[in-house]
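What does a reader new to this structure find when looking at its enclosed spaces, its buried parts and its charged pairs? The report below takes these topics in turn.

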2 protein chains.
Amino acid sequence: MTHTSNNSSVATGASRRSFLRQVGITGGAGAMFATMGALGVAPTAQAAQREPAFHAPSKGDFTLTGKGAAKVVVVGGGIAGLAAAYELGKAGYDCTVLEARSRTGGRNFTVRNGDSTTDLYGNTQTARFSEGQYMNCGPGRIPQWMVTLDYCRELGVPIEVFTNVNANAYIYNEKAGMKAPVRYRTAKADVYGYVAELLSKATDKGALDRQITAEDQERLLEFLKDFGDIGDTLDYTGSPRRGYRIDPAAAGTPGEEIGSVPSASEVFASGVGRYFAFEFEYDQAMLMFQPVGGMDRIPAALTRAIGERRIRTGAAVSKITDTAHGVTVTYTQGGRTHTVEADYCIAALPPNILAKTAHNLGPAVQSALEACKPSSAGKIGLEYKSRWWETDHQIYGGITETDMDLSHIWYPSYGHQGRRGTIIGYYNTGSNADAYAALTPREREARAIAQGVKIHGDKYRTELATSFSHHWRQTPYLEASWHSLSGGPDAPAFAPLNQAAGRVYFAGDYLSYADAWQHGAFTSARKAVTALHARVLA
Amino acid sequence: MTHTSNNSSVATGASRRSFLRQVGITGGAGAMFATMGALGVAPTAQAAQREPAFHAPSKGDFTLTGKGAAKVVVVGGGIAGLAAAYELGKAGYDCTVLEARSRTGGRNFTVRNGDSTTDLYGNTQTARFSEGQYMNCGPGRIPQWMVTLDYCRELGVPIEVFTNVNANAYIYNEKAGMKAPVRYRTAKADVYGYVAELLSKATDKGALDRQITAEDQERLLEFLKDFGDIGDTLDYTGSPRRGYRIDPAAAGTPGEEIGSVPSASEVFASGVGRYFAFEFEYDQAMLMFQPVGGMDRIPAALTRAIGERRIRTGAAVSKITDTAHGVTVTYTQGGRTHTVEADYCIAALPPNILAKTAHNLGPAVQSALEACKPSSAGKIGLEYKSRWWETDHQIYGGITETDMDLSHIWYPSYGHQGRRGTIIGYYNTGSNADAYAALTPREREARAIAQGVKIHGDKYRTELATSFSHHWRQTPYLEASWHSLSGGPDAPAFAPLNQAAGRVYFAGDYLSYADAWQHGAFTSARKAVTALHARVLA
């Protein structure tokens with residue numbers, strides 16, 4: 001479950017497949033549907049099984065053992081650290097959370113009017129968004145299966161649909177030679193139309209006779225006619241699915257479909273199809289969700305549940321010392337040095353930051369931390385004076401894909417039909433993100449706008465009210481959007497982080513199969529909490 | 001734009017194609033992307049063109065002509081009638097709306113706790129939904145391009161996403177021999193996987209050499225590998241896209257993909273692919289929307305904007321008389337007969353009801369009205385004591401498709417993670433709807449539940465709190481879900497309805513290319529208003 005960007009399917013499909021794919025068992029299985037019942041997916045009368053069951057520590061756990069809850073210092077107030085303190089708190093553990101930044105949440109970071117940041121290059125920005133406008137600089141979406149939604153339910157954080165896919169959004173591959181953007185619906189109609197035409201004709205010519213039976217070919221043909229909207233001639237010649245130049249309306253106005261249909265050669269050369277598999281991915285398929293009001297409603301709710309008095313912000317940890325009977329954590333706050341003594345520690349800093357923090361956890365831990373390679377990602381929020389993408393383009397959310405270095409444009413999933421709205425003008429990763437990060441905020445805006453104008457025209461520039469850009473690799477105390485662990489989190493190199501180092505436990509999305517997702521942070525924290533609690537009870 | 005059910009693409013794809021398809025122009029067009037700029041879809045720097053421009057009548061229109069606004073009686077307070085009165089009201093026309101039912105909205109009908117109906121078979125139901133729970137008995141979704149959304153904006157009706165498609169929802173084709181439901185995501189992975197395998201192998205074997213160039217085949221192959229998640233061997237052997245039995249989580253839990261992968265033969269025989277094209281259709285592709293709080297927020301807002309004093313409910317029209325200088329409409333209200341005199345009339349009743357109303361508009365009008373054939377559709381709302389589809393199945397909205405006579409199951413697009421929720425337990429049409437309508441409400445519930453249990457197990461029965469069912473063909477004063485006009489609304493048979501009959505104008509979704517959609521009613525009303533206003537100004 002490696003997530004490197006919206007286009008995780010494009011960027012990492014092959015490695016994910018080789019890593020995760022289970023060898024399929026096909027054919028020769030007796031009755032037609034002998035295997036259908038084994039498809040998993042909630043056989044009749046059973047609910048779907050999910051991630052391994054997690055039993056939160058509870059006060060009652062101590063009753064039989066005669067033991068008591070311990071004192072735990074949690075280093076890092078991102079999702080993993082907050083989740084650990086929250087779950088341990090249910091059993092009465094005395095937790096203290098140390099967070100270097102001025103707020104909890106870590107990379108779960110929502111920017112609203114007045115919020116200010118200074119990056120490692122020295123750029124200081126203060127957001128000038130209107131009331132109600134915000135941008136999620138870090139995580140922005142939650143798939144239905146991730147435990148993040150369970151925490152939203154448990155914590156009372158209302159959710160709404162995150163619009164991850166929209167037939168009305170555009171695709172624009174400038175490098176591939178496209179002269180104008182096409183809508184997703186148009187691109188899909190054309191690609192699927194030609195795929196259906198080519199396969200149905202191959203079927204018709206007997207090219208598949210050795211692979212599937214005549215009866216199966218008949219069924220395949222039936223599917224393809226519908227899938228590609230091709231007629232009985234099996235020729236793709238366009239389809240109402242492409243969209244209309246003039247919409248169907250009252251009698252007298254049957255509508256006028258949009259312009260001439262490109263040839264198969266033109267369609268495949270345009271590369272529009274490279275984005276289609278994104279929505280098939282397990283972690284990106286609709287429906288997706290977001291908290292109402294901003295992603296940081298989650299850390300805000302966790303912070304309230306833990307208790308603000310247990311959380312120290314502006315507290316930068318400088319040293320973690322495992323002793324014979326506990327852990328000592330040294331941190332600076334307001335220019336002064338403090339220490340916290342605890343029975344256990346959960347180290348929930350990003351590994352690249354932890355690697356720069358003094359500790360006595362040994363060289364194996366240090367090597368493992370250094371082997372976690374930080375990645376880059378950036379976003380710019382563009383607040384507009386009007387929601388022209390809704391009124392002029394009928395785009396009420398979703399994502400436009402490009403091969404320009406802005407990569408993705410996200411239309412807002414909130415505030416539909418309101419007065420103003422905030423587009424994510426770029427969400428990019430790797431060298432594209434680094435290139436934007438190297439610019440001043442004003443230059444980033446200019447570059448993003450110049451590219452967006454190619455898709456949306458002058459309003460993309462003229463309606464702009466304000467912008468705010470954020471880059472994770474250049475963010476103090478985090479310095480990464482996510483991390484790359486060669487071979488995955490269970491590779492031998494990372495073994496020292498998947499167990500306690502003395503009385504110190506490690507947690508974070510990097511130690512999961514859902515890196516860059518809050519689900520990874522939550523489940524990693526649950527794993528650490530479970531191990532710590534078992535040890536306390538033992 | 002014929003909409004007969006969720007499965008319009010399946011039911012009417014062929015006729016729609018033949019009616020609406022514009023002959024495509026392919027090939028031989030010079031430079032690779034010569035035609036790409038002509039794709040329509042908002043060329044750079046231009047917003048998309050939409051339906052023909054509508055200029056609402058305004059008070060200023062009368063200034064130059066020296067004329068004044070006229071008196072108009074609007075027969076029927078559904079969307080078409082309300083829209084006509086609303087638009088005419090902007091110019092100061094003196095409108096009176098006559099509505100036979102106790103509320104405005106027509107088929108835009110939202111049922112909440114305490115609402116009561118009696119159908120033509122004599123079944124009386126009173127809804128016993130919890131606070132905040134509702135069901136939209138009629139229209140439930142709004143595509144982005146329809147003018148319905150513009151009215152929501154203009155009238156201040158907040159909208160939210162209608163979840164028309166969900167990778168986590170199920171497909172269950174019992175008649176096709178499926179022994180258990182499969183999730184959409186699983187079905188798609190399998191169908192697209194095998195389609196990619198078959199076409200890529202045909203490409204590899206040279207079966208397409210006469211159709212597309214080697215370079216195009218290379219690009220096609222690249223697409224297919226990604227589209228079907230097939231490796232370099234071009235074999236489909238499953239994919240993480242199918243979903244997981246145990247979800248990927250923390251280190252140590254890479255996840256376990258769901259069960260054995262069915263053969264191509266099994267997949268095509270199951271017929272799961274027949275539902276995939278639904279979401280490509282111009283009128284069904286996500287993103288879709290609904291008003292927050294119920295679809296009837298739209299007629300409620302129109303009613304407020306028109307002014308309640310201009311609207312008479314419980315007023316069943318019995319006669320429409322076109323006179324030399326005006327129109328006289330006779331109606332009964334509270335057992336008494338009344339008449340309204342006006343300069344013009346907009347007849348916005350369903351055609352099947354209008355055909356049963358006395359009038360002097362001539363035999364051509366009567367024949368045209370009788371040629372509009374009423375269709376059937378029904379829904380049942382099932383309120384549950386818990387939202388088990390979210391907690392147990394991770395289904396936060398969307399539609400489960402079946403070949404059982406319940407047809408579609410809709411999971412709610414509102415109230416996510418709340419205490420209770422209301423599923424549409426069937427949304428069916430034609431003979432399926434008629435069969436359910438013939439049952440008592442209790443029998444309808446029992447039949448819907450018995451089928452739903454096959455997909456979701458016992459909780460589908462045990463968690464049920466209450467139900468409410470509604471059938472349009474059996475609804476007094478409406479008696480149709482929508483109408484079938486042979487040859488479309490511009491066929492010669494319907495010409496008498498597309499012009500004024502004396503001083504009477506006709507409006508309704510049936511007189512549009514978006515029948516069964518509010519868009520059809522709105523645009524038809526706009527057309528009638530435009531014609532009437534031009535005549536008044538002339």
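The text that follows describes a predicted model, beginning with a helix and moving on to cavities and salt bridges.

Helix α3 of chain A, residues 79-89, is largely enclosed by the rest of the structure, because ten of its eleven residues are buried. Among these buried residues are Ile79(A), Leu82(A), Tyr86(A) and Glu87(A).

Empty space is also found inside the model, where 14 cavities of 30 Å³ or more are counted, and the largest cavity holds about 340 Å³. Its lining consists of 28 residues, and those nearest the centre are Val165(A), Lys188(A), Glu279(A), Lys188(B) and Glu279(B). Helix α5(A) gives the largest share of this lining, with six residues, and by class the lining comprises 15 nonpolar, four polar and nine charged residues.

Over all chains, the whole structure contains 46 salt bridges, and three of them are listed here with the distance between nitrogen and oxygen.

| Salt bridge | N to O distance |
|---|---|
| Arg103(A) and Asp115(A) | 3.7 Å |
| Arg242(A) and Asp190(A) | 2.8 Å |
| Glu197(B) and Lys201(B) | 3.1 Å |

Arg242(A), in the loop between α6 and β11 of chain A, and Asp190(A), in helix α5 of chain A, are 52 residues apart, and their pair links distant parts of the chain; both residues are buried. By contrast, Glu197(B) and Lys201(B) lie four residues apart in helix α5 of chain B, which is about one turn of the helix. With a relative accessible area of 12%, Glu197(B) is buried, since buried means under 20%.

Methods. Residues numbered from 1 in each chain as written. Chains lettered and ligands numbered in written order. Predicted model: local features only at pLDDT ≥ 70, side-chain atom pairs only at ≥ 80, totals over all residues. Heavy atoms only, no water. Buried < 20%, exposed > 50% of the residue type's maximum accessible area, 1.4 Å probe, protein only. Helix = DSSP H or I, 4+ residues; strand = E, 2+ residues; numbered from the N terminus. 1 Å grid on protein atoms, 1.4 Å probe; cavity = no way out; pocket = protein on both sides within 12 Å on 5 of 7 lines; lining within 4 Å. Points joined across faces, edges and corners; volume = space filled by probe spheres on them. Nonpolar A, V, L, I, M, F, W, Y, C, P; charged D, E, K, R; others polar. Salt bridge = Lys/Arg side-chain N within 4 Å of Asp/Glu carboxyl O.
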